[in-house]
Amino acid sequence: MAKNSPAKKGKAKNTGNAKSKSSIKSEELLRNLKQMLIARSIDTKAMNLLRQGRSFFHIAGAGHEAVQTVVGNALDPKVDWFYPYYRDLGVALAAGVTPKEFFFQCFAKTEDPSSGGRQLPCHWGHPDIHIPSQSSPTGTQFLQAVGTALAMKRSGKKGVAYVSSGEGTTSQGEFHEAVNWASREKLPVLFVIENNKYAISVPVHMQSGGKGNSISEMMAGFDNLYRKKIDGTDYFESYEEINKALEHIKSGKGPALIEAEVVRLLSHSSSDDQKKYRNEKELKEDLKNCPIEKLAQKLIKQGDLTKEGYESLKEETLNAVGNAADEASNATDPDPKDASSHVFDESGLKESFDYESSEPDGKRIVMVDAINHALMEELERNEKIYVFGEDIADKKGGVFTATKGLSTKFGDDRVFNSPLAEASIMGVAVGMALEGLKPVVEIQFGDYIWPAFMQMKSEVATMRYRSNNTWTAPVVTRVAVGGYIHGGLYHSQNIESIFAHIPGIYIAYPSNAADAKGLLKTACRMNDPVLFCEHKGLYRQSFAMAPEPDENYLLPFGKAKVVKEGSDLTVVSYGLSMWDAVMSAKKLEEEGHSVEVIDIRTIIPLDMETIANSVKKTNKVVVLHEDTLTGGFGGEIAARISDECFQYLDGPVKRIAALDSHIPYAPVLENAVLPSRARVLEGIKELLEY
Ligand SMILES: Cc1ncc(C[n+]2csc(CCOP(=O)(O)OP(=O)(O)O)c2C)c(N)n1
């Protein structure tokens, strides 16, 4: 069992010389056979526990053990990184996850190092052995591995990022994006595709466009990519070929892709029954390729093992695994009072910042320059910050020039153009963050954030929670949003309400240059993911100009600003719309009405205290935003006001927003859809007269 304990982590490995099968010592072979048997015994035990109703889910690795054990042993968990997929039990064990730790996961115990009982079993993660928390969406792991490899390369560290999946998952676009990025930059990534011929029930010939249904053939054409299709049930072939692939990677020539043909000896998962879609003949045929039997028979034949020795090894591992399960079953169950902890950083870091309370007094600047200066100062201050996105490097410096001069000043290693692929930007950012860097990325237009949405919703937002506060992905995502710039349909949308619904991401939406600088600098220093919405119509707008704050100016998230005081009615708003509220309030003042305007500045967290205090004073409230009405964030604000301030209201909580429509191009049409100043004025008046 010592081989499977984290204690082996210090073992010298990974020498970089390709190893041939003849060089494997018999003790190593026996040790690895035992490791494969442990994996198989865990599958057997886990399925028994399910039948007994003592656990709920398992994904077996049976049939994949040879290549998995080879990979797990070929890498060094102190130096290399693992992005294993759910079927990678053999990799996890060889890397250092113990059988007992597996059963902590199986029984959803607090001691489970992957998630403390928050995720399904077989979603690997281990703080001590470079296995970042793995999620369920197939394919998101690929770009993260690329990000980690990039982070290692940029930080001058040695190491390989291993990432795997089944052949079905290679149909996902992110797989292709990952191979593209890794090949282009010659990154140290080992892609292992475990081809068991089925993705749940879909056979490989209905899945892949690769020549001869081969994933490795499908990827022909990428420069620098070492490719090899191997028999992953053959321990010796796996050993030789994985080591050759590692030699290619470590020589700096680029990534490697190994397609390992394996057999799926059990159903896709404990919730599946493969007998429904695979015939008996085929299943029997697979059994002939059982990697454990193949290695054992070879060892018996060459005299390294006796038949009796093999039988007692099987019994020994089954017993050891049974004991591990028994011990783990007595561990602690998670406490329900912790069920919603660790959605955000609770370390007190952001509360410890020295926030500025006085007004800035520098030279007046436009918002886009304030953003540029915030990035400049934070890049200077923290060498872990990396800035990338589409067209952001000089000479262009971003399509709105927000990043102008940054790559010239800080170099192309720290500020660089990404491929034109938003999922790549976000997935790579996650992998870099997991390795310890601080990515501050740009999504050129909010309208194009959706390819990155899977990474944002399922990875960035969940990383801290799902790993029980072990792993974090505090990526800052700057994004240009909003209309009124003649950009319909696809350069005009507002996106904040969709992201506001996702626990785990803070959202800022500044209305002016000073707030933009203060909030962005805070975002760069917090240890949480932030979506930073920048309204394009405010970038160079004179009314959004402000005196520039100095380099120490930090604004807290969750602190609204009373932009104009009043006593008859409150308008709660943010972004460009906030200025419509201010201008309407000024106009109404001429008519004798006193209107208070609140700029919430951050959507998440929402400063309800400032809103409630104002509503208690004015007793009437309009919620105004540029986004569409139905499901807009205004609905949330209105609901919270009626919940918390109902007894203070002298009228309905009124919402003013865009029509429930897409944003058309023609100015007359766009003005009809988005809230016009006339409509804002009319809406406020209506409530004043209520
Ligand atoms: C994005 C996404 N779509 C669908 C699923 C449901 N799902 C889980 S595993 C799986 C099949 C994966 O097959 P393959 O990559 O060949 O790996 P295998 O399970 O065969 O080892 C599917 C469809 C998912 N988890 N994520």
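In what follows, Ala, Val, Leu, Ile, Met, Phe, Trp, Tyr, Cys and Pro count as nonpolar, Asp, Glu, Lys and Arg as charged, and the others, Gly among them, as polar. With that in hand, let me turn to the structure on the screen, which is a predicted model.

I begin with the ligand. The protein places 17 residues around it, and the closest of these are Tyr85, Tyr86, Arg87, Thr169 and Tyr198. Sorted by class, that shell is made up of seven nonpolar, eight polar and two charged residues.

Which side chains offer polar atoms to oxygen atoms of the ligand? Among them is threonine 169, where an N or O atom of the side chain lies 2.6 Å from a ligand oxygen. For asparagine 196, the corresponding distance from a side-chain N or O atom to an oxygen atom of the ligand is 3.2 Å, and for glutamate 167, a polar side-chain atom is found 3.4 Å from a ligand oxygen. As for how much of the ligand is covered, it exposes 590 Å² when taken alone, and the protein buries 74% of that area.

Next, the empty space inside the protein. A search of the whole structure returns five cavities of 30 Å³ or more, and the largest of them has a volume of about 130 Å³. That largest cavity is lined by 19 residues, of which Tyr85, Gln134, Ser135, Pro137 and Gln141 are the closest to its centre. Tyr85 therefore appears in two places in this talk, once among the closest residues to the ligand and once in this lining.Finally, the cysteines. How many disulfides does the structure hold? The count is zero. Cysteine 106 is in no disulfide, and the nearest cysteine sulfur, belonging to cysteine 122, is 8.1 Å away; with a relative accessibility of 5%, cysteine 106 counts as buried, because the cut-off for that term is under 20%. Cysteine 533 is likewise in no disulfide, the nearest cysteine sulfur being that of cysteine 524, at 15 Å, and cysteine 533 is also buried, with a relative accessible area of 0%.

How values were computed
Residues are numbered from 1 along each chain as its sequence is written. This is a predicted model: local features need pLDDT of at least 70, side-chain atom pairs count only at pLDDT 80 or more; totals for chains, interfaces and linings use all residues. Side-chain values use heavy atoms; hydrogens and water are left out. A residue is near a molecule or strand if one of its heavy atoms lies within 4 Å of it. A polar contact is a pair of N or O atoms within 3.5 Å; within protein, one must be able to donate a hydrogen and the other to accept it, and residues adjacent in sequence count only if both atoms are side-chain atoms. Accessible areas come from the Shrake-Rupley method with a 1.4 Å probe; for residues, only the protein chains shown count as cover. A disulfide is a pair of cysteine sulfur atoms within 2.5 Å. Buried means under 20% relative accessible area, exposed over 50%, partly exposed in between (1.4 Å probe, protein chains only). On a 1 Å grid over the protein atoms alone, a cavity is a set of points where a 1.4 Å probe fits but cannot get out, and a pocket is an open set with protein on both sides within 12 Å along at least five of seven lines; lining residues have an atom within 4 Å of a point. Grid points are joined across faces, edges and corners, and a volume is the space filled by probe spheres set on the points.
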